[in-house]
Amino acid sequence: MNGRPLPPSRDLRLVHVDARERQSVVSLRPGGPSFGGEELAICAGPCAIESREQIVATAAAVARAGANVLRGGAFKPRTSPYSFQGLGREGLAMMREAADLYGLAVVTEVLDPRDADVVAESAEMLQIGARNMQNTALLRAVGETGKPVLLKRGLAATVDEWLLAAEYIALTGNERIVLCERGVRSFDPATRNLLDLSVVPLLARRTHLPAIVDPSHGTGVAGLVAAMGLAAVAAGAAGIMVEVHPDPASAVSDGMQSLTFAEFDTFMESMPAVAAAVGRRLPQRFAGVPLNAIPPS
Ligand code: PEP
Ligand code: MN
(Lines give C-alpha, C1' and ligand atoms only; values in the text may rest on other atoms or scores of the structure.)
(Ligands and ions follow the chains in the order given, each with its own letter.)
Protein backbone atom coordinates (compact mmCIF):
# COMPACT_ATOMS: atom_id res chain seq x y z
CA MET A 1 0.00 0.00 0.00
CA ASN A 2 1.60 3.25 -1.08
CA GLY A 3 -0.95 5.52 0.54
CA ARG A 4 -3.44 5.40 -2.32
CA PRO A 5 -6.34 3.27 -1.14
CA LEU A 6 -8.13 3.04 -4.51
CA PRO A 7 -6.68 3.18 -7.98
CA PRO A 8 -7.74 6.46 -9.59
CA SER A 9 -9.32 6.58 -13.02
CA ARG A 10 -6.75 6.02 -15.77
CA ASP A 11 -8.11 9.10 -17.52
CA LEU A 12 -6.84 11.42 -14.82
CA ARG A 13 -3.79 12.48 -16.74
CA LEU A 14 -3.15 16.22 -16.50
CA VAL A 15 -4.60 16.59 -13.00
CA HIS A 16 -3.09 13.40 -11.61
CA VAL A 17 -0.77 13.80 -8.66
CA ASP A 18 2.05 12.17 -10.62
CA ALA A 19 1.70 14.63 -13.52
CA ARG A 20 3.63 17.25 -11.56
CA GLU A 21 6.68 17.10 -9.36
CA ARG A 22 4.94 18.97 -6.59
CA GLN A 23 1.50 20.21 -5.56
CA SER A 24 0.33 23.18 -7.64
CA VAL A 25 -0.09 26.68 -6.32
CA VAL A 26 -2.75 28.75 -8.11
CA SER A 27 -2.22 32.51 -7.84
CA LEU A 28 -4.90 35.05 -8.67
CA ARG A 29 -2.44 37.88 -9.26
CA PRO A 30 1.23 38.56 -8.54
CA GLY A 31 1.75 38.91 -4.80
CA GLY A 32 -2.00 38.46 -4.35
CA PRO A 33 -4.19 35.64 -3.13
CA SER A 34 -2.96 32.15 -3.87
CA PHE A 35 -4.24 28.64 -3.26
CA GLY A 36 -1.93 25.82 -2.21
CA GLY A 37 1.00 27.70 -0.77
CA GLU A 38 1.79 28.51 2.83
CA GLU A 39 -0.78 31.28 2.83
CA LEU A 40 -4.45 30.36 3.04
CA ALA A 41 -7.00 31.81 0.63
CA ILE A 42 -9.92 33.28 2.53
CA CYS A 43 -12.89 33.79 0.21
CA ALA A 44 -15.85 35.50 1.85
CA GLY A 45 -18.91 37.47 0.85
CA PRO A 46 -22.62 37.20 0.29
CA CYS A 47 -24.37 34.36 -1.48
CA ALA A 48 -25.74 36.88 -3.99
CA ILE A 49 -24.85 40.46 -4.80
CA GLU A 50 -28.02 42.31 -3.82
CA SER A 51 -27.08 45.99 -3.99
CA ARG A 52 -24.05 48.27 -4.14
CA GLU A 53 -24.41 49.08 -0.44
CA GLN A 54 -24.60 45.41 0.51
CA ILE A 55 -21.52 44.34 -1.42
CA VAL A 56 -19.41 47.37 -0.43
CA ALA A 57 -20.24 46.95 3.27
CA THR A 58 -19.49 43.22 3.07
CA ALA A 59 -16.21 43.78 1.23
CA ALA A 60 -15.11 46.22 3.94
CA ALA A 61 -16.06 43.83 6.73
CA VAL A 62 -14.43 40.71 5.30
CA ALA A 63 -11.26 42.57 4.28
CA ARG A 64 -10.96 43.97 7.77
CA ALA A 65 -11.35 40.49 9.26
CA GLY A 66 -8.56 39.11 7.04
CA ALA A 67 -10.20 37.76 3.88
CA ASN A 68 -8.38 38.27 0.58
CA VAL A 69 -10.99 37.16 -1.96
CA LEU A 70 -14.51 38.56 -2.28
CA ARG A 71 -17.16 36.00 -3.24
CA GLY A 72 -20.67 36.76 -4.44
CA GLY A 73 -23.04 35.58 -7.13
CA ALA A 74 -24.14 37.86 -9.96
CA PHE A 75 -25.57 34.90 -11.90
CA LYS A 76 -27.32 32.65 -9.40
CA PRO A 77 -28.18 28.99 -10.02
CA ARG A 78 -31.49 28.88 -8.12
CA THR A 79 -33.48 25.71 -7.59
CA SER A 80 -36.73 27.55 -8.39
CA PRO A 81 -37.03 29.59 -11.58
CA TYR A 82 -39.20 32.03 -9.59
CA SER A 83 -36.41 32.83 -7.10
CA PHE A 84 -34.08 35.84 -7.49
CA GLN A 85 -31.67 35.00 -10.32
CA GLY A 86 -29.00 37.60 -9.53
CA LEU A 87 -28.18 41.11 -10.75
CA GLY A 88 -26.14 39.85 -13.71
CA ARG A 89 -23.68 42.27 -15.31
CA GLU A 90 -24.74 45.11 -13.01
CA GLY A 91 -23.86 42.91 -10.06
CA LEU A 92 -20.46 42.11 -11.55
CA ALA A 93 -19.65 45.81 -11.78
CA MET A 94 -20.75 46.41 -8.19
CA MET A 95 -18.61 43.57 -6.92
CA ARG A 96 -15.56 44.73 -8.90
CA GLU A 97 -15.88 48.20 -7.42
CA ALA A 98 -16.31 46.86 -3.87
CA ALA A 99 -13.34 44.51 -4.21
CA ASP A 100 -11.09 47.26 -5.56
CA LEU A 101 -12.00 49.58 -2.70
CA TYR A 102 -10.55 47.09 -0.23
CA GLY A 103 -7.80 45.36 -2.21
CA LEU A 104 -9.68 42.08 -2.65
CA ALA A 105 -9.71 39.68 -5.60
CA VAL A 106 -13.07 38.49 -6.98
CA VAL A 107 -14.46 34.99 -7.44
CA THR A 108 -17.89 34.65 -9.01
CA GLU A 109 -19.94 31.97 -10.72
CA VAL A 110 -20.43 31.51 -14.45
CA LEU A 111 -23.69 29.81 -15.42
CA ASP A 112 -23.65 30.13 -19.19
CA PRO A 113 -20.73 29.63 -21.62
CA ARG A 114 -21.83 32.85 -23.37
CA ASP A 115 -21.02 34.81 -20.19
CA ALA A 116 -17.55 33.34 -19.61
CA ASP A 117 -15.68 36.21 -21.28
CA VAL A 118 -17.67 38.99 -19.66
CA VAL A 119 -17.22 37.45 -16.21
CA ALA A 120 -13.52 36.93 -16.91
CA GLU A 121 -13.20 40.66 -17.59
CA SER A 122 -14.29 41.58 -14.10
CA ALA A 123 -13.19 38.66 -11.93
CA GLU A 124 -9.84 37.10 -11.08
CA MET A 125 -11.41 33.65 -10.67
CA LEU A 126 -14.39 31.94 -12.31
CA GLN A 127 -16.55 29.62 -10.23
CA ILE A 128 -18.25 26.53 -11.57
CA GLY A 129 -21.10 25.71 -9.22
CA ALA A 130 -22.06 22.29 -7.94
CA ARG A 131 -25.00 22.08 -10.36
CA ASN A 132 -22.71 22.58 -13.34
CA MET A 133 -19.75 20.41 -12.41
CA GLN A 134 -20.38 18.12 -15.39
CA ASN A 135 -21.52 20.79 -17.83
CA THR A 136 -18.71 20.07 -20.24
CA ALA A 137 -19.44 23.00 -22.58
CA LEU A 138 -19.21 25.35 -19.61
CA LEU A 139 -16.03 23.68 -18.33
CA ARG A 140 -14.40 24.22 -21.72
CA ALA A 141 -15.61 27.81 -21.93
CA VAL A 142 -14.22 28.82 -18.54
CA GLY A 143 -11.00 26.93 -19.24
CA GLU A 144 -10.55 28.83 -22.49
CA THR A 145 -10.68 32.20 -20.74
CA GLY A 146 -7.30 31.28 -19.20
CA LYS A 147 -8.49 32.56 -15.82
CA PRO A 148 -8.18 30.51 -12.62
CA VAL A 149 -11.25 28.31 -12.11
CA LEU A 150 -12.86 27.28 -8.83
CA LEU A 151 -14.52 23.93 -9.49
CA LYS A 152 -17.12 22.98 -6.91
CA ARG A 153 -17.94 19.35 -6.27
CA GLY A 154 -21.24 18.21 -7.76
CA LEU A 155 -24.19 17.50 -5.47
CA ALA A 156 -23.60 13.76 -5.74
CA ALA A 157 -20.27 13.54 -7.53
CA THR A 158 -17.63 10.94 -6.76
CA VAL A 159 -14.03 12.08 -6.41
CA ASP A 160 -13.17 10.59 -9.80
CA GLU A 161 -16.10 12.35 -11.50
CA TRP A 162 -14.98 15.61 -9.92
CA LEU A 163 -11.38 15.17 -11.01
CA LEU A 164 -12.45 14.17 -14.53
CA ALA A 165 -14.41 17.45 -14.68
CA ALA A 166 -11.15 19.21 -13.72
CA GLU A 167 -9.43 17.24 -16.50
CA TYR A 168 -11.87 18.79 -19.02
CA ILE A 169 -10.72 22.25 -17.94
CA ALA A 170 -7.05 21.25 -17.92
CA LEU A 171 -7.39 19.96 -21.50
CA THR A 172 -8.05 23.53 -22.68
CA GLY A 173 -4.47 24.29 -21.64
CA ASN A 174 -5.57 26.06 -18.47
CA GLU A 175 -4.41 24.16 -15.39
CA ARG A 176 -5.09 26.96 -12.92
CA ILE A 177 -7.82 24.96 -11.22
CA VAL A 178 -8.83 24.90 -7.55
CA LEU A 179 -11.26 22.28 -6.24
CA CYS A 180 -13.94 23.23 -3.70
CA GLU A 181 -15.65 20.68 -1.45
CA ARG A 182 -19.12 22.00 -0.61
CA GLY A 183 -20.87 18.95 0.77
CA VAL A 184 -22.80 16.20 -0.96
CA ARG A 185 -26.44 15.09 -0.83
CA SER A 186 -27.13 12.75 2.06
CA PHE A 187 -30.03 10.89 3.60
CA ASP A 188 -30.12 13.26 6.57
CA PRO A 189 -31.92 16.62 6.40
CA ALA A 190 -30.34 17.75 9.70
CA THR A 191 -27.75 19.61 7.65
CA ARG A 192 -28.23 20.95 4.11
CA ASN A 193 -25.44 18.73 2.78
CA LEU A 194 -22.95 16.29 4.24
CA LEU A 195 -19.57 18.03 4.32
CA ASP A 196 -16.94 15.51 3.28
CA LEU A 197 -13.72 16.66 4.91
CA SER A 198 -12.01 13.34 4.26
CA VAL A 199 -11.68 14.39 0.62
CA VAL A 200 -9.20 17.09 1.60
CA PRO A 201 -6.34 14.70 2.47
CA LEU A 202 -7.61 12.21 -0.11
CA LEU A 203 -7.40 14.75 -2.95
CA ALA A 204 -3.81 15.52 -2.01
CA ARG A 205 -3.01 11.88 -2.82
CA ARG A 206 -4.88 11.89 -6.11
CA THR A 207 -4.21 15.29 -7.66
CA HIS A 208 -1.71 18.11 -7.64
CA LEU A 209 -4.56 20.64 -7.68
CA PRO A 210 -5.21 22.61 -4.48
CA ALA A 211 -8.55 22.23 -2.69
CA ILE A 212 -10.59 24.53 -0.49
CA VAL A 213 -13.76 23.91 1.54
CA ASP A 214 -17.08 25.77 1.65
CA PRO A 215 -18.59 25.09 5.08
CA SER A 216 -21.54 27.41 4.35
CA HIS A 217 -23.16 25.30 1.63
CA GLY A 218 -21.55 22.26 3.26
CA THR A 219 -23.70 22.60 6.37
CA GLY A 220 -26.44 25.12 5.57
CA VAL A 221 -26.41 26.24 9.20
CA ALA A 222 -24.59 29.43 10.23
CA GLY A 223 -23.84 28.08 13.71
CA LEU A 224 -21.86 25.17 12.24
CA VAL A 225 -19.77 27.15 9.78
CA ALA A 226 -16.88 28.25 12.01
CA ALA A 227 -16.25 24.80 13.48
CA MET A 228 -16.23 23.18 10.06
CA GLY A 229 -14.13 25.94 8.54
CA LEU A 230 -11.49 25.42 11.21
CA ALA A 231 -11.70 21.67 10.72
CA ALA A 232 -11.20 22.15 6.98
CA VAL A 233 -7.98 24.07 7.56
CA ALA A 234 -6.85 21.46 10.09
CA ALA A 235 -7.48 18.78 7.44
CA GLY A 236 -5.13 20.60 5.06
CA ALA A 237 -7.46 22.74 2.94
CA ALA A 238 -5.72 25.51 1.00
CA GLY A 239 -8.46 27.90 2.01
CA ILE A 240 -12.12 28.37 2.72
CA MET A 241 -15.16 29.94 1.11
CA VAL A 242 -17.68 31.42 3.53
CA GLU A 243 -20.94 33.30 3.08
CA VAL A 244 -21.14 36.58 5.00
CA HIS A 245 -24.04 39.06 4.88
CA PRO A 246 -24.70 42.43 6.58
CA ASP A 247 -28.11 41.14 7.75
CA PRO A 248 -28.52 37.40 7.18
CA ALA A 249 -32.19 37.50 8.20
CA SER A 250 -32.98 39.71 5.21
CA ALA A 251 -30.67 37.99 2.69
CA VAL A 252 -32.38 37.12 -0.60
CA SER A 253 -30.63 33.76 -0.61
CA ASP A 254 -28.90 31.47 1.88
CA GLY A 255 -29.49 33.69 4.93
CA MET A 256 -29.66 30.61 7.19
CA GLN A 257 -26.04 29.74 6.49
CA SER A 258 -24.62 33.28 6.26
CA LEU A 259 -22.45 34.73 9.02
CA THR A 260 -22.90 38.25 10.36
CA PHE A 261 -19.85 40.53 10.25
CA ALA A 262 -19.30 39.94 13.98
CA GLU A 263 -19.53 36.17 13.58
CA PHE A 264 -17.04 36.26 10.73
CA ASP A 265 -14.66 38.37 12.85
CA THR A 266 -14.79 35.84 15.70
CA PHE A 267 -14.27 32.96 13.28
CA MET A 268 -11.24 34.61 11.72
CA GLU A 269 -9.74 35.36 15.12
CA SER A 270 -9.63 31.63 15.87
CA MET A 271 -8.06 30.78 12.51
CA PRO A 272 -4.35 31.68 12.96
CA ALA A 273 -3.75 29.08 15.68
CA VAL A 274 -5.30 26.28 13.61
CA ALA A 275 -3.46 27.42 10.48
CA ALA A 276 -0.15 27.49 12.34
CA ALA A 277 -0.70 23.94 13.57
CA VAL A 278 -0.67 22.72 9.96
CA GLY A 279 2.11 25.00 8.73
CA ARG A 280 -0.12 27.64 7.16
CA ARG A 281 -0.87 31.28 7.85
CA LEU A 282 -3.54 33.85 7.16
CA PRO A 283 -3.22 36.15 4.15
CA GLN A 284 -0.85 39.03 4.68
CA ARG A 285 -2.37 42.46 4.63
CA PHE A 286 -3.07 43.29 1.02
CA ALA A 287 -0.58 45.68 -0.49
CA GLY A 288 -1.70 49.19 -1.19
CA VAL A 289 -4.76 49.37 1.04
CA PRO A 290 -3.91 50.64 4.51
CA LEU A 291 -6.02 49.04 7.21
CA ASN A 292 -7.10 52.43 8.49
CA ALA A 293 -8.73 53.03 5.11
CA ILE A 294 -11.23 50.33 5.98
CA PRO A 295 -14.12 51.68 8.03
CA PRO A 296 -15.09 49.60 11.05
CA SER A 297 -18.00 47.28 10.30
C1 PEP B 1 -22.46 29.45 -4.42
O2 PEP B 1 -21.31 29.30 -3.97
O3 PEP B 1 -22.98 30.56 -4.56
C4 PEP B 1 -23.26 28.26 -4.79
C5 PEP B 1 -24.36 28.38 -5.50
O6 PEP B 1 -22.74 27.12 -4.33
P7 PEP B 1 -22.93 25.61 -4.85
O8 PEP B 1 -22.71 25.64 -6.33
O9 PEP B 1 -21.88 24.88 -4.09
O10 PEP B 1 -24.33 25.19 -4.47
MN1 MN C 1 -25.25 30.43 -1.47
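Which residues are the protein donors of the manganese ion (ligand 2)? I looked this up before anything else. The model is predicted, so I kept to its limits: local features need pLDDT of at least 70, side-chain atom pairs count only at pLDDT 80 or more, and totals for chains, interfaces and linings use all residues. Residues are numbered from 1 along each chain as its sequence is written, chains are lettered from A and ligands numbered from 1 in the order in which they are written, and side-chain values use heavy atoms, with hydrogens and water left out.

**Entry: metal site**

I find Cys-47 (SG), His-217 (NE2), Glu-243 (OE) and Asp-254 (OD) as protein donors of the manganese ion (ligand 2), at 2.0 to 2.4 Å from it. I counted as donors N, O and S atoms within 2.8 Å of the metal (3.2 Å for Na, K and Ca); water is not among the atoms, so sites may look incomplete. Along the sequence the spacing of these donor residues reads C-x169-H-x25-E-x10-D. Cys-47 sits in the loop between strand S3 (41-45) and helix H1 (52-65), and His-217 in helix H7 (residues 215-219), so this pair ties together parts that are 170 residues apart in sequence. For helices and strands I use DSSP runs numbered from the N terminus (helices H or I, at least four residues; strands E, at least two).

I then checked accessibility, taking buried as under 20% relative accessible area, exposed as over 50% and partly exposed as in between (1.4 Å probe, protein chains only). Cys-47 is buried at 4%, and His-217 is buried at 8%. Asp-254 is partly exposed, with a relative accessibility of 22%.

I looked at the backbone of Asp-254 as well. Asp-254 lies in the loop between strand S10 (239-243) and H9. Its phi is positive, about 55°, although Asp-254 is not a glycine. Most residues other than glycine have a negative phi.

**Entry: the same loop, a second residue**

Where is Asp-247? I place Asp-247 in the loop between S10 and H9. Asp-247 is partly exposed, at 38% relative accessible area. I noted that the C-alpha atoms of Asp-247 and Thr-260 are separated by 6.5 Å, with the two residues 13 apart along the chain.

**Entry: cysteines**

How many disulfides are there? I count 0 disulfides, with a disulfide taken as a pair of cysteine sulfur atoms within 2.5 Å. For Cys-43 the nearest cysteine sulfur is that of Cys-180, 7.9 Å away. Seen from Cys-180, the closest cysteine sulfur is in Cys-43, and 7.9 Å is too far for a bond. Cys-43 is buried at 1%, and Cys-180 is buried at 0%.

**Entry: aromatic rings**

I searched the whole structure and found 1 aromatic pair. The ring centres of Phe-264 and Phe-267 are 6.2 Å apart and the planes meet at 70°, so I class the pair as edge-to-face. The rule takes rings of Phe, Tyr and Trp (its six-membered ring) with centres within 6.5 Å; planes under 30 degrees apart are stacked, over 60 edge-to-face and the rest tilted. Both residues belong to helix H9 (residues 261-269), 3 residues apart, about one turn of the helix. Phe-264 is buried at 1%, and Phe-267 is buried at 2%.

**Entry: helix packing**

I took axes as lines fitted to C-alpha atoms, for helices over the stretch in contact, with angles from 0 to 180 degrees between N-to-C directions. Angles under 35 degrees count as roughly parallel, over 145 as roughly antiparallel, 65 to 115 as roughly perpendicular and the rest as oblique. A crossing is left-handed if the near helix is turned anticlockwise from the far one by less than a right angle, and right-handed if clockwise.

H1 and H9 pack at about 20°, with axes 9 Å apart. I therefore note H1 as roughly parallel to H9, and their crossing is right-handed.

Helix H4 (residues 136-144) packs on H5 at about 45°, with the axes 8 Å apart. That makes H4 oblique to H5, in a right-handed crossing.

The axes of helix H5 (residues 159-170) and helix H6 (residues 199-206) come within 12 Å and cross at roughly 55°. H5 is thus oblique to H6, and this crossing is right-handed.

**Entry: before S1**

Is Glu-21 buried or exposed? Glu-21 is exposed, at 78% relative accessible area, and lies in the segment before strand S1 (26-27). I find 8.6 Å between the C-alpha atoms of Glu-21 and His-208, which are 187 residues apart along the chain.
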